[in-house]
Protein chains: 4
Amino acid sequence: MKKIVFISIIISLTLSNLAQDLNNVQLPHMRKQLVRKAINIPDILGYKTLKCDFHMHTVFSDGIVWPTFRVDEAWEEGLDAIAITDHIENQPSKKYVGGDHNASYEIALPRANEKDIILIRAGEITREMPPGHLNGLFLKDVNPLDTPHVKDAIKAATDQGGFILWNHPGWKAQQPDTCLWMEMHQELFDAGMIHGIEVFNEKEWYPIALDWCLDKEIAVIGNSDIHDVNAHYYDVENGHRPMTLVFATDRSEQAIKEAMFAKRTVAWFDDKLAGKEEFLKEIFRKSVSFKDTGKERKGKKLILAKNISDIPFILSNGDQGFTIPKQSEIIVHLKGKHSSYMVLNLYTGSDKNPTINIK
Amino acid sequence: MKKIVFISIIISLTLSNLAQDLNNVQLPHMRKQLVRKAINIPDILGYKTLKCDFHMHTVFSDGIVWPTFRVDEAWEEGLDAIAITDHIENQPSKKYVGGDHNASYEIALPRANEKDIILIRAGEITREMPPGHLNGLFLKDVNPLDTPHVKDAIKAATDQGGFILWNHPGWKAQQPDTCLWMEMHQELFDAGMIHGIEVFNEKEWYPIALDWCLDKEIAVIGNSDIHDVNAHYYDVENGHRPMTLVFATDRSEQAIKEAMFAKRTVAWFDDKLAGKEEFLKEIFRKSVSFKDTGKERKGKKLILAKNISDIPFILSNGDQGFTIPKQSEIIVHLKGKHSSYMVLNLYTGSDKNPTINIK
Amino acid sequence: MKKIVFISIIISLTLSNLAQDLNNVQLPHMRKQLVRKAINIPDILGYKTLKCDFHMHTVFSDGIVWPTFRVDEAWEEGLDAIAITDHIENQPSKKYVGGDHNASYEIALPRANEKDIILIRAGEITREMPPGHLNGLFLKDVNPLDTPHVKDAIKAATDQGGFILWNHPGWKAQQPDTCLWMEMHQELFDAGMIHGIEVFNEKEWYPIALDWCLDKEIAVIGNSDIHDVNAHYYDVENGHRPMTLVFATDRSEQAIKEAMFAKRTVAWFDDKLAGKEEFLKEIFRKSVSFKDTGKERKGKKLILAKNISDIPFILSNGDQGFTIPKQSEIIVHLKGKHSSYMVLNLYTGSDKNPTINIK
Amino acid sequence: MKKIVFISIIISLTLSNLAQDLNNVQLPHMRKQLVRKAINIPDILGYKTLKCDFHMHTVFSDGIVWPTFRVDEAWEEGLDAIAITDHIENQPSKKYVGGDHNASYEIALPRANEKDIILIRAGEITREMPPGHLNGLFLKDVNPLDTPHVKDAIKAATDQGGFILWNHPGWKAQQPDTCLWMEMHQELFDAGMIHGIEVFNEKEWYPIALDWCLDKEIAVIGNSDIHDVNAHYYDVENGHRPMTLVFATDRSEQAIKEAMFAKRTVAWFDDKLAGKEEFLKEIFRKSVSFKDTGKERKGKKLILAKNISDIPFILSNGDQGFTIPKQSEIIVHLKGKHSSYMVLNLYTGSDKNPTINIK
């Protein structure tokens with residue numbers, strides 16, 4: 001707020017140097033300033049950590065915003081890349097909103113260029129289970145995916161070099177009882193037609209899908225699937241949408257595509273990070289440092305724990321637990337010599353957390 | 001946040017009674033709850049104080065949201081009535097978005113009914129200055145306003161019993177030097193074709209327009225003219241959009257229309273209330289109470305000032321000033337016997353504030 | 001923030017009328033304004049609902065603030081009455097801080113008078129379990145409680161008409177295994193020497209103590225026991241300290257005392273209200289109203305639920321649950337005819353919630 | 001909030017593995033977690049940028065908190081060093097609070113050691129104007145400063161190698177008309193007995209004192225002079241107390257002392273930085289980077305401006321102005337070729353701002 005106030009003061013100073021138009025008083029402090037916030041997550045293993053959301057809708061299917069707004073949101077929330085994935089087969093606004101399946105991409109592209117957001121051409125193949133909903137990403141033309149048979153649609157995407165993402169595998173509308181890997185999914189997988197699976201979608205978390213990804217070498221993905229205004233659905237002041245961290249050689253569409261086919265991804269939502277142990281441990285190691293203060297209180301060692309990232313870390317050794325909030329330091333009162341802790345918000349499997357040591 | 005957390009706990013309790021699906025974990029605390037906030041402004045003079053915004057856009061002209069979202073926003077922000085006023089002559093999305101000039105109204109209406117928001121059929125006649133931009137409100141059919149000559153368009157609105165609102169009279173794109181009442185505005189006014197004028201629009205304030213309204217008995221109006229997502233443009237957590245308070249006999253479209261033609265309105269933005277003295281003083285009187293504590297400190301009387309409204313009041317007697325924030329009490333240290341104060345954020349003219357007495 | 005900004009503008013306007021001292025620029029917007037926030041909880045059953053905290057410390061025992069600050073905090077947080085209860089037997093600052101056991105009361109009293117906070121003279125008898133820690137409230141002189149034998153100390157309080165409150169009965173430092181009602185507590189109770197028990201203390205909740213209170217007709221109490229700065233320990237922006245709602249005939253010390261001996265109290269913390277069903281149901285009834293909108297969506301009735309209090313209410317019928325946040329309205333999509341709901345955050349026993357009906 | 005919620009979930013998970021004591025339910029999410037926030041201001045010119053406050057009070061003079069709390073506040077707010085400067089001649093609590101003039105230092109020191117806050121032994125010589133109030137910093141023993149004649153008191157400080165700071169030179173209680181450098185100040189300065197002057201104190205800003213400092217080679221200082229709880233007086237969530245940035249060779253008391261005698265300081269308050277141009281420009285240069293996006297909109301170049309510090313910067317070239325908020329990026333629409341901007345919130349004199357160039 002202070003910033004905004006300042007602007008107002010400056011502007012009045014500026015105006016007072018001119019012939020001020022007292023009949024039109026600007027109240028710029030009433031308008032929110034458009035600002036890009038940084039998401040602080042360290043780069044790891046020599047790769048850049050890019051923040052991506054590969055699933056969202058606009059008025060060109062059943063979303064409620066114009067495509068350019070998806071770029072604006074992404075820019076403000078600190079993302080690097082997005083894919084607009086309007087439904088190919090489900091366009092309830094068709095009576096009013098037209099254009100081909102590339103329209104939302106083409107409308108959003110100039111804004112994306114202006115704001116340096118990587119915009120990935122994409123579409124959502126929207127079918128009954130199996131196989132359910134699948135995003136085709138990194139397309140050259142979305143229109144060929146509009147074809148009656150689902151396998152033809154998928155092939156139309158892979159023929160373009162597309163990445164096939166199985167969306168919300170545990171969505172109750174399609175899997176009411178439990179989350180199953182069906183015969184058709186196996187067929188598609190064997191045919192090289194499933195490259196990623198969402199373990200987080202909208203406000204859901206599918207632990208079993210994480211196990212599938214890690215067992216079968218499939219990319220672990222988290223996406224918003226936002227239809228609403230993102231900041232209206234999620235609390236983006238204190239939290240963030242579901243997203244995918246992609247460990248890429250550089251900040252480019254090509255590098256993201258390479259990283260995703262190479263399965264160098266982690267999904268992030270609600271303080272939960274899900275993915276391969278090597279990635280999660282490295283994010284922890286680059287985010288958190290411990291320092292022995294050399295002091296004690298009531299027989300417990302005082303350890304300074306400092307977290308430079310935007311991810312809080314929740315540690316427990318069964319007996320004692322503590323959280324190191326994002327971007328801050330805490331003093332931990334360490335009992336005994338138990339220096340081996342599980343990090344409970346890092347998931348290297350549906351029921352597995354990595355263990356770290358405090359030296 | 002706490003509320004949301006609670007929900008999550010309940011839901012897990014509930015689920016634990018069922019066969020819980022561990023493969024689909026709901027994280028409902030990550031979703032913002034849809035809530036209607038109250039705007040606390042007292043009813044006055046036997047009328048209901050309705051909160052209204054008569055100027056906003058959707059994808060059906062140059063706005064970026066679907067019409068139903070305008071209803072959702074209004075409901076959440078505590079409004080009673082809105083008018084969607086898509087430009088009649090300016091539809092940059094026409095290549096993609098079709099439908100006639102009633103489309104945004106018709107799409108939004110079922111949502112408005114569901115949420116008990118009064119939706120007023122309207123359109124914006126969008127012309128060069130003079131006369132500039134004019135909203136036709138309380139229409140039966142927007143399409144007849146799509147006609148070449150501006151006076152024909154206005155007549156098409158008044159023939160339906162419409163209310164004509166002169167929008168942003170001081171907008172620099174159309175009045176670059178100052179804010180002028182032109183010959184054509186006089187003609188329209190004489191012909192009974194200007195019923196209201198915006199003194200607040202978007203983030204602007206036109207003091208001279210308030211004088212026009214009070215001199216000529218024209219309704220004082222404040223509107224957002226929002227094209228963006230409202231909560232993305234304004235800080236609706238701590239503030240509010242520009243709006244019009246309408247003093248109506250009941251909460252109905254008919255009563256709003258009657259009140260507006262009878263000029264029973266006040267415009268509200270940025271803690272500024274603009275309108276007739278009788279309305280502003282009455283809002284103050286019903287919002288603020290003073291109580292002598294009977295105590296003194298350093299020769300000053302301690303007075304308890306309590307404000308039950310959502311409008312802060314800023315008082316000054318030239319020598320001493322204080323603000324009574326919204327929804328709170330303060331202790332005022334009153335010097336001497338100066339009990340006559342101007343309320344600096346109430347405007348009964350471009351440079352006039354009403355005076356109140358502390359007893 | 002906006003309010004504060006306004007003040008700054010006013011003050012500069014004011015100063016510009018004087019010979020402004022450019023060498024001393026006031027930045028009043030940098031100082032938080034002292035404001036009393038209202039706690040909105042309805043009066044019930046013909047009584048006033050007073051918000052009270054009967055347990056807190058200052059530098060005169062092991063707290064870290066000066067007594068006047070306890071009054072300032074209480075005023076700002078919307079409380080009606082407090083008792084400063086410095087330990088009688090535990091004063092670690094004694095080397096530096098002196099005065100008799102009435103000192104903190106006497107220092108705080110002028111401030112309490114000025115701010116119209118009811119200040120209750122009190123002290124904490126601080127002994128090993130049993131009986132543990134006991135507050136003597138409504139005392140005339142705290143000094144007689146400074147006597148070797150605990151029963152003498154209690155008697156010194158009851159001889160003055162004092163109210164005896166058993167503090168934090170389940171505190172692990174004194175009841176490491178579980179929370180027990182010991183023989184000595186029975187003796188004291190039989191002798192009329194236990195009038196209230198804390199069910200909430202600091203950040204703890206003792207469900208069994210609620211059962212004791214309701215079984216034995218003892219007043220249900222919630223207190224902060226704050227040693228720290230209250231707003232440093234609790235999130236008073238979004239939440240509140242533990243407190244006791246006292247249903248009193250008027251806003252006076254005498255009426256609070258009468259109500260407490262008559263057991264007309266409810267304890268409030270963390271959205272939990274604990275106490276007699278008649279009080280809790282009445283608070284709910286006066287806080288929440290339901291209105292059938294007459295509309296349906298997907299076969300569910302749309303009901304408007306409006307909560308005018310600062311207490312959220314969490315409802316569940318086993319099958320369906322929802323929360324009505326404080327000070328807001330929501331639209332509930334009501335399945336079938338299940339109109340009987342438990343209010344999960346109201347406790348009429350350690351594992352009992354009252355049931356309400358939506359008509 | 002989310003973090004805290006997590007803790008609660010973990011703890012319940014942990015407890016469920018033990019025999020849970022249902023009679024004592026911990027509600028740890030109701031307690032604010034103690035966290036040290038980072039203040040992000042870059043190191044410059046090979047020095048460490050330390051954040052210091054050299055002026056504050058406790059119950060040992062007229063403050064309202066216990067000395068240890070000053071350390072806790074400083075730790076949480078990200079400070080490196082503080083001096084507790086209780087009044088030597090003004091102790092209104094003396095009836096209740098005793099100890100010699102070193103007491104507050106000695107009480108706070110163990111806490112400072114534990115939290116790695118540099119605690120500087122100090123006291124405030126509290127006299128009428130001239131010379132007004134003076135802090136003696138870096139003392140070995142405060143007691144010798146308790147002597148009748150002010151010059152003796154100052155000499156008692158300088159004899160110990162102390163740094164003499166002239167506090168709030170423009171305070172209206174002592175300089176009601178304007179802010180004057182009096183004969184006695186010249187004498188003291190000539191005798192090497194004024195080493196620093198506060199340009200910010202509490203909520204005041206003395207522009208003329210900045211000119212004195214820069215003309216006479218005196219250290220520029222900003223301090224809180226806090227008597228209240230710091231977070232109760234200032235909005236430490238969105239802002240910060242007045243403080244002094246000290247450019248020191250390392251993070252130690254000795255290095256701070258050396259830097260202050262060498263005048264390597266800048267004062268910071270309310271987004272205003274005051275000090276030598278070389279320091280201010282270097283802070284700007286290390287905080288802000290500009291990047292030409294290569295794009296244009298409406299004939300204006302789009303420049304990405306990124307600020308990694310916690311200081312917003314407010315730029316103007318007379319014609320066009322913008323603010324780069326803390327820790328964020330904005331897109332600036334740059335008109336014409338005016339690439340030379342004044343930074344309006346950096347003060348290199350009472351009415352001087354440095355100029356920077358956008359390349």
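So, β14 and β15 of chain A: these two strands run antiparallel, and seven bridges join them. The second of the pair, β15, covers residues 300–307. If you want a landmark on screen, find A:Val288, which sits opposite A:Asn307 of β15(A). Bear in mind, everyone, that we're looking at a predicted model here.

Now let's widen the view. That pair belongs to an open sheet of four strands, and the order reads β14(A)-β15(A)-β18(A)-β2(D), with antiparallel pairing. Notice that chain D supplies one of those strands, namely β2. Where are the edges? They are β14 of chain A, residues 288–297, and β2 of chain D, residues 36–37, each of which pairs on one side only. As a quick reminder, strands in a sheet pair through backbone hydrogen bonds, in either a parallel or an antiparallel sense.

Let's move over to chains A and B. How many residues does each chain bring to this contact? Chain B gives 40 residues, and chain A gives 40 residues. On chain B's side, the elements giving two or more residues are β1 (25–26), α2 (67–76), β9 (204–205), α6 (207–216) and α7 (230–233). Of these, α7(B) has the largest share, with three residues. As for chemistry, the side of chain B that touches chain A has 22 nonpolar residues, ten polar ones and eight charged ones.

One last stop, and it's a strand pairing again. β9 of chain A, residues 204–205, pairs with β1(B) over two bridges, in the antiparallel sense. To find the spot, look for A:Trp205, which stands opposite B:Val25 in β1(B). Thanks, all, and I'm happy to rotate the view for anyone!

Note on methods. Residues numbered from 1 in each chain as written. Chains lettered and ligands numbered in written order. Predicted model: local features only at pLDDT ≥ 70, side-chain atom pairs only at ≥ 80, totals over all residues. Pairing = 2+ DSSP bridges. Contact = placed C-beta atoms within 7 Å. Nonpolar A, V, L, I, M, F, W, Y, C, P; charged D, E, K, R; others polar.
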